[in-house]
Amino acid sequence: MQKLRIIIGLVGAVLCFNFGKTQAQGVEFSGSPTSIISNSAIIPEGKKLFYTSGLTAFATDASLPEGDYAKYGDTKTQALGILKKLKEMLEEKGLKMSNVFAMKVFIAPDIKTKAYDFDGWNAAYKMYFGTPENPIKPVRATLGISTLVNANKFIEIELIAVYP
């Protein structure tokens, strides 16, 4: 009976540390089902990859002068604009947001609030990933930095996608 309890305990531990796995385009993602990101991804051998450089915000109103806060908006507004542009770039290459398996994100403090708006970034991210339309949750690093090249831009995003 003691051996059975030990075996059941070990099996339970293995299942807890497995976190749950999902697959898309042959990519195997692992991580907690409650997390908004994956902990790891395994890309099948021979898959072609698509890389982007980091993109920063685009003017929401080009008529506004440089330095006007409303020209680029807050972190969430900027992130939504960047994600929209990244989606367009992917589509031009025959890819979708569901092909994204890795992201690197740099966030600088908002000049109005003097705070890092990780909540704004995550709200924008959750509109594109981990949704019913796109259940993929890429592996991701989000870094707080002191500033980007333009002090009115608070977020830079780069991604890697895998061709099906």
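1. Lys71 is buried in this predicted model. Its relative accessibility is 11%, and the cut-off for buried is under 20%, which is why Lys71 qualifies. Lys71 forms a salt bridge with Glu66. The closest N and O atoms of the two are 3.6 Å apart. A search of the whole structure finds 1 salt bridge.

2. Glu66 sits in another setting. Its relative accessible area is 48%, so Glu66 counts as partly exposed. Side chains of opposite charge can pair when their charged atoms come close. Glu66 also takes part in a polar contact, side chain to side chain, with Asn150 at 2.8 Å.

3. Where is Asn150 placed? Asn150 belongs to the loop between β6 and β7. Leaving aside residues up to four places away in sequence, Asn150 touches Glu66 and Tyr72.

4. Lys153 deserves a careful look. Lys153 lies in the loop between β6 (139-144) and β7 (155-162). Is Lys153 buried or exposed? Lys153 is buried, yet has no salt bridge. The nearest side chain of opposite charge is that of Glu66, 6.4 Å away. A salt bridge needs the nitrogen and the carboxyl oxygen within 4 Å, so Lys153 and Glu66 do not make one.

5. What does the side chain of Lys153 make a polar contact with? The partner is the side chain of Thr56, at 3.4 Å. Beyond four places in sequence, Lys153 touches Thr56, Ala57, Tyr72, Gln78, Ala108 and Leu148. Tyr72 is also touched by Asn150.

6. Ile155 is in strand β7. Its relative accessibility is 0%, so Ile155 counts as buried. Not counting residues up to four places away in sequence, the contacts of Ile155 include Leu55, Val105, Phe106, Ile107 and Trp121. Ile155 also touches Thr56, Ala57, Gln78 and Leu148, and each of these four is touched by Lys153 as well. The C-alpha atoms of Ile155 and Thr142 are separated by 9.9 Å, with the two residues 13 apart along the chain.

7. Helix α2 covers residues 75-92. Its 18 residues should span 26 Å at 1.5 Å a residue, and the end C-alpha atoms are 26 Å apart, so the two values agree. After α2 comes Gly94, whose phi is positive, near 80°.

8. Which residues of α2 are buried? They are Thr75, Gln78, Ala79, Ile82, Leu83, Leu86 and Leu90. These residues cover an arc of only 130° around the axis, so they lie on the same side of α2. An α-helix has 3.6 residues a turn, so residues three or four places apart point the same way.

9. What do the buried residues of α2 pack against? They pack against β4 (49-51), β5 (100-107), α3 (118-125) and β7. For β7, Ile155 shows the packing in detail: Ile155 touches Thr75, Gln78, Ala79 and Ile82, and these four are among the buried residues of α2.

10. Last, the overall picture. The protein chain has 3 helices and 7 strands. Along the sequence they follow the pattern α-β-β-β-β-α-β-α-β-β. Of the 164 residues in the protein chain, 36% are buried. Among contacts with a separation of 6 or more, 73% come from residues 24 or more positions apart.

Key:
Residues are numbered from 1 along each chain as its sequence is written. This is a predicted model: local features need pLDDT of at least 70, side-chain atom pairs count only at pLDDT 80 or more; totals for chains, interfaces and linings use all residues. Side-chain values use heavy atoms; hydrogens and water are left out. Helices (H or I, at least four residues) and strands (E, at least two) are DSSP runs, numbered from the N terminus. Buried means under 20% relative accessible area, exposed over 50%, partly exposed in between (1.4 Å probe, protein chains only). Lys and Arg count as positive and Asp and Glu as negative; His and the chain ends are not counted. A polar contact is a pair of N or O atoms within 3.5 Å; within protein, one must be able to donate a hydrogen and the other to accept it, and residues adjacent in sequence count only if both atoms are side-chain atoms. Contact means heavy atoms within 4.5 Å. The expected span of a helix is 1.5 Å times one less than its number of residues. The arc is that of the directions from the helix axis to the C-beta atoms.
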